[in-house]
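Reader: I'd like to practise reading strands, buried residues and aromatic pairs in a model. Could you walk me through some cases?

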Amino acid sequence: MSSRCRPTLEMLEGRDVPSVTGDFNHDGKADLARFVNGVWLVRLSTGSGFGAERAWSTFGTKTDWTSQITGDFNHDRRTDVANYNTGNGTWWVSLSTGSRFLTQKWATFSTRSGWTTQIAGDFNGDGRTDIANYFPSNASWWVSASNGTSFVTRLWTKLGTNKGWGHQVVGDFNGDGAMDIANFYAPNAQWWVSLSTGSSFVTGLWADLSGTGWGTQVVGDFNGDGLADIANFFGPNAQWWVSRSTGKGFLTGLWADFSPNSGWTTGVAGDFNGDGVADVATFYAPAAQWWVSLSTGSGFVTQRWSTFGTKSGWGDQHAADFDGDGLTDIVNNYQPAGSLWVGISLANQFATDRWA
């Protein structure tokens, strides 16, 4: 696989292709990357704008690529990307040099298709990012553990039932330095957590939420105790309910009520005011507004932080620190113009400007 190419007009016009964020050159500022027609295109942040979109890696084939996952797979502090190919059941990792990607095959699966959720985390606590692959046919998690140059894939657990598993998220829920997985069982609105032992998962019931209508679910340390928690958005009432980890289970309570009840779309977690505790930002699409819910440690205080000049056309939205000041910001893709607008956090509002 070649590491360089000249982007074509067709690539550059892929305005609706979702981006991923990461610090690809290890300068302390989050960047953007898109995978378009078998090419990784990267925009580096200058702290006040994005540079030109440049090709960092060209793949030999354009088709059958599904999951695109970011992480530091070789522990050099630069963000890398991994791509899964359903055609031949392979993981290809593109390691960042700071100015381009070096792409190699890292794993081949005996079963090519049928894998659904594929998520990144350091599941064995060695400092390198691994990938957990969920196979719904027998409700099993297989972890591809990185050794820095390839993946070693093994079965880590089987869940008790094959159907009904919805959202699956990563976090260190017991504070031991290894990432775990929380599995949402939609029929009973339950969280089942698979705690890592470093070589396998031990799964148990951690919370009963009850009811239907749970939508966005994001991970963060919302009370500052060093354990990952989960914020759950209950769509019918436009509420954030936080499931706080005790290390052995979740304690769930209502943290925020929004009005009106409908129209809320993107929800993201981040530390928007720099107090070391995670908050959530929620996008109100009918008015194109970002509302930030700052954590007090036991609840959210919600305020409007920005209003956009146009209400429609906003697509891909991510939270990351784009200017390197330690506060979480927001990037918004305005699809009609193919432009990127970044809301820089001032700790009490977003200062929004066009970055590309």
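Author: Happy to; we will go through a sheet, a hairpin, some aromatic pairs and two single residues. Keep in mind that this is a predicted model.

Reader: Let's begin with sheets. In what order do the four strands of the open sheet lie, and is the pairing parallel or antiparallel?

Author: The general idea is that strands of a sheet pair through backbone hydrogen bonds, in either a parallel or an antiparallel way. Here the order is β17-β18-β19-β20, with antiparallel pairing. The edges are taken by β17 (214-220) and β20 (250-257); each has a single partner strand, so one side of each has no neighbour in the sheet. From one strand to the next, the twist averages 25 degrees.

Reader: How many bridges join β17 to β18?

Author: Five bridges join β17 to β18 (residues 229-234), and the two run antiparallel. To find your place in this pair, look for Gln-217, which stands opposite Asn-232 in β18.

Reader: Now a strand inside the structure. How many of the six residues of β10 are buried?

Author: Start with the general idea: side chains of a regular strand alternate between the two faces of the sheet. In β10, six of the six residues are buried, so the strand is largely enclosed by the rest of the structure. Both faces are covered, with Asp-130, Ala-132 and Tyr-134 on one side and Ile-131, Asn-133 and Phe-135 on the other.

Reader: Which residues stand opposite Ile-131 in the strands beside β10?

Author: Ala-120 stands opposite Ile-131, and so does Ser-144 in β11. The pairing of β9 with β10 is antiparallel, over four bridges, while five bridges join β10 to β11 (residues 140-146), also antiparallel. There are four residues between β10 and β11 in their hairpin, and Ala-139 in the turn has a positive phi of about 50 degrees.

Reader: Turning to aromatic rings, how many aromatic pairs are there?

Author: The count comes to 41 aromatic pairs. One of them is Tyr-84 with Phe-109, a tilted pair at 5.6 Å centre to centre with 50 degrees between the planes. This pair links distant parts of the chain, 25 residues apart: Tyr-84 is in strand β6 (residues 80-85), and Phe-109 is in the loop between β8 (101-108) and β9 (118-121). Tyr-84 is buried, at 1% relative accessibility, and Phe-109 is buried at 7%.

Reader: Why is the pair of Phe-123 and Phe-201 edge-to-face?

Author: Planes over 60 degrees apart count as edge-to-face. The ring planes of Phe-123 and Phe-201 stand at 90 degrees, with centres 5.9 Å apart, so the pair is edge-to-face. Phe-123 lies in the loop between β9 and β10 (130-135) and Phe-201 in strand β16 (residues 201-208), so the pair ties together parts 78 residues apart in sequence. Phe-123 is buried at 0% relative accessibility, and Phe-201 is buried at 5%.

Reader: Finally, is Ala-320 buried or exposed?

Author: The cut-off to remember is that buried means under 20% relative accessible area. Ala-320 has 12% relative accessibility and therefore counts as buried. This residue is found in strand β25 (residues 314-320). Leaving out residues up to four places away in sequence, Ala-320 touches Thr-21, Ala-30, Thr-328 and Asp-329. Its C-alpha atom is separated by 9.6 Å from that of Asp-23, 297 residues apart along the chain.

Reader: And is Ser-339 buried or exposed?

Author: Ser-339, in strand β27 (residues 339-345), is buried at 1% relative accessibility. With residues up to four places away in sequence left out, its contacts include Tyr-334 and Arg-354.

Notes. Residues are numbered from 1 along each chain as its sequence is written. This is a predicted model: local features need pLDDT of at least 70, side-chain atom pairs count only at pLDDT 80 or more; totals for chains, interfaces and linings use all residues. Side-chain values use heavy atoms; hydrogens and water are left out. Two strands pair if DSSP finds at least two bridges between them. Axes are lines fitted to C-alpha atoms, for helices over the stretch in contact, and angles run from 0 to 180 degrees between N-to-C directions. Buried means under 20% relative accessible area, exposed over 50%, partly exposed in between (1.4 Å probe, protein chains only). Contact means heavy atoms within 4.5 Å. Rings of Phe, Tyr and Trp (its six-membered ring) pair if their centres lie within 6.5 Å; planes under 30 degrees apart count as stacked, over 60 as edge-to-face and the rest as tilted.
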